[in-house]
Amino acid sequence: MGRGDGLLLALLLGVGIVEVVAGAWHSSLERALPLAGAAWLAALAFMLVRAVPPRPSAWWVGLALSGLGAGGWAAWQKWIVGLTRATGHPPLHSIFFGNLALLMALLCLAGLGWAWQQRSTRFFWVALLLSGAMGGGLASALSGTRGGWLALPLVIWVFYYGYARRWRALWRWLALTAAIAVMIGVYTTPHSGVEKRVDKAVAEVHRYMEGADYGSVGARLEMYRGAFWLIYERPLVGYGHQGYLPAMQRLETQGVLSPELGNYWHAHNDLLDAWVRKGLPGLVIVVSLYLIPLWLFFPGLRAESATQRSYAVAGILLPITFMGFGLSYSFFAYPAGVAVYASWLIFLWVLVSEQVLQDGCHVYTNEKPDGDIADANVSDGPHFYYRMVDS
């Protein structure tokens with residue numbers, strides 16, 4: 001176990017502890033244990049993966065094939081079966097499926113830095129990862145998800161800081177132009193349905209502001225209002241997994257919320273859902289799930305090695321996209337959401353720390369170098385020596 005490993009292990013164990021304590025306090029252990037189990041199994045997997053690190057090629061090829069599989073599955077559903085929105089198998093419904101497919105696409109793009117360093121097989125890996133990115137992006141568009149797009153401004157900044165700021169100005173502008181062109185193309189393509197979904201979201205916000213029919217976006221805003229109301233009532237301990245729905249229905253009966261909104265079993269926002277169910281400890285643990293990985297991976301964005309930066313960019317994208325996903329849906333309310341986040345996090349952290357060990361072998365010694373005495377930095381193969389002469 002190296003630096004940062006203990007912190008991540010404590011984080012995963014802490015997720016399960018908070019779930020079990022809240023479940024025991026509110027007599028809802030049967031709902032809490034699957035979530036705790038997902039986090040604790042990830043902690044066990046972390047130790048196993050740390051003991052036997054995977055090959056980087058296995059990670060990237062698996063990710064690319066996942067993106068291609070998601071894109072093919074979404075295209076089959078949309079254009080052959082005729083579904084309105086592409087979806088996965090339960091519990092990976094359209095929102096889950098589309099957002100995770102978008103994350104696959106972004107992680108494939110992050111891996112291009114690694115692919116470019118594979119001298120003899122460079123173009124194969126670049127083509128494979130680009131194909132995976134296109135497949136994941138297609139699945140996201142055909143699923144009709146909108147919440148994940150909220151993270152795109154921060155995603156663009158991560159790619160710029162990790163990669164593009166080192167490029168010539170011409171290449172930076174070309175990359176930005178290409179990204180904008182792709183987004184415009186996806187938005188204006190009639191068969192994607194993206195334009196209709198965005199226009200519908202804007203119209204629903206206007207109707208909610210006017211007090212008319214609220215639609216799905218207005219329903220979320222109304223649920224957020226109800227969650228804040230319940231948090232105000234019990235900010236420290238929350239209502240538990242089974243107490244949330246009756247509490248929301250009580251607000252509906254009292255006329256605080258609009259009718260029928262008390263039928264949704266989670267708050268459609270990760271921070272609010274964790275706080276209203278598990279109290280302040282639930283809020284703290286979700287914030288930690290976002291901030292600790294950001295703190296661990298951020299230094300890697302400044303690494304000279306493009307391979308190391310590829311893992312760091314992917315590691316930063318994971319919490320940033322989940323923050324965007326969590327603004328409009330409660331991903332961490334599902335064991336599948338906890339499992340995907342935790343498992344991808346540990347694989348990326350093990351890969352980036354292994355790369356640090358390979359690229360950052362710095363040796364400091366006060367032994368006198370051969371030949372004339374010198375006080376200098378000396379390069380010797382893959383190692384770097386800082387030799388100091390004793391006075």
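**His-268 and Ser-27**

I began with His-268 and asked whether this residue is buried or exposed; at a relative accessible area of 8% I have to call His-268 buried. The model I am reading is a predicted one, and I keep that in mind for each entry below. His-268 sits in the loop between α11 and α12, and its phi is positive, about 60 degrees, although the residue is not a glycine.

I then looked up Ser-27, which also has a positive phi without being a glycine, in this case near 55 degrees. Ser-27 belongs to the loop between α1 and α2 (29-51), and with a relative accessible area of 57% I noted Ser-27 as exposed, whereas His-268 is buried.

**Confidence**

Before going further I checked how far the coordinates can be trusted, and found a mean pLDDT of 83 for the chain, with 82% of its residues reaching 70 or more. The stretch I marked for caution is residues 360-391, where pLDDT stays under 50. The model does have 34 contacts beyond four places in sequence for that stretch, but I leave them unread. Where pLDDT is low, the predicted coordinates should not be interpreted in detail.

**Salt bridges**

How many salt bridges does the structure hold? I found five, and I wrote down three of them, given here one after another.

Glu-19 and Lys-278 meet through their side chains at 2.7 Å, N to O. This pair links distant parts of the chain, since Glu-19 lies in helix α1 (residues 5-25) and Lys-278 in helix α12 (residues 270-297), with their positions 259 residues apart in sequence. I looked up the accessibility of both partners and found Glu-19 buried at 4% relative accessible area, and Lys-278 buried as well at 10%.

Glu-222 and Arg-225 form a salt bridge at 2.6 Å, N to O. Both partners lie in helix α10 (residues 215-233), three residues apart, which is about one turn of the helix. Here the accessibility of the two side chains is split: Glu-222 is buried, with a relative accessible area of 4%, while Arg-225 is partly exposed at 35%.

Glu-233 and Arg-250 are joined by a salt bridge of 2.9 Å, N to O. Glu-233 is in helix α10 and Arg-250 in helix α11 (residues 240-253), so the pair ties together parts that are 17 residues apart in sequence. I recorded Glu-233 as partly exposed, at a relative accessible area of 34%, and Arg-250 as partly exposed too, at 29%.

**Nonpolar cores**

Turning to the interior, I asked which members of the largest nonpolar core touch the most other members. Among its 86 residues, these are Trp-60, Leu-317 and Phe-322. Helix α4 (residues 94-110) is the element that gives the most to this core, with 13 residues.

I followed Phe-322 outward and, leaving aside neighbours within four places in sequence, found it in contact with Leu-100, Leu-103, Tyr-290, Phe-331, Phe-332, Gly-337 and Tyr-341. A second core, separate from this one, has 15 residues, among them Leu-230, Leu-257, Ala-267 and Val-276.

**Ser-140**

Next I looked at Ser-140, a residue of helix α6 (residues 122-143). Its relative accessibility is 2%, which is under the 20% limit, and therefore I count Ser-140 as buried. Not counting residues up to four places away in sequence, Ser-140 touches Gly-98, Ala-101, Leu-102, Thr-145 and Trp-149.

**Nonpolar patch on the surface**

My last entry concerns the outside of the model, where Trp-73, Trp-76, Trp-79, Ile-80, Val-81, Leu-83 and Leu-138 form a nonpolar patch whose accessible area together is about 690 Å². Which helix gives the most to this patch? I found that helix α3 (residues 56-81) does, with five residues.

As a single member to inspect I took Ile-80, which has its place in helix α3. Ile-80 has a relative accessible area of 56%, and because the limit for exposed is over 50%, I entered Ile-80 as exposed.

Note on methods:
Residues numbered from 1 in each chain as written. Predicted model: local features only at pLDDT ≥ 70, side-chain atom pairs only at ≥ 80, totals over all residues. Heavy atoms only, no water. pLDDT = per-residue confidence, 0-100. Contact = heavy atoms within 4.5 Å. Patch = residues over 30% accessible without salt bridge, like charges linked within 9 Å, V, L, I, M, F, W, Y side chains within 5 Å. Areas by Shrake-Rupley, 256 points an atom, 1.4 Å probe, with all protein chains shown as cover. Salt bridge = Lys/Arg side-chain N within 4 Å of Asp/Glu carboxyl O. Helix = DSSP H or I, 4+ residues; strand = E, 2+ residues; numbered from the N terminus. Buried < 20%, exposed > 50% of the residue type's maximum accessible area, 1.4 Å probe, protein only. Core = buried A, V, L, I, M, F, W, Y, C linked by side-chain atoms within 4.5 Å.
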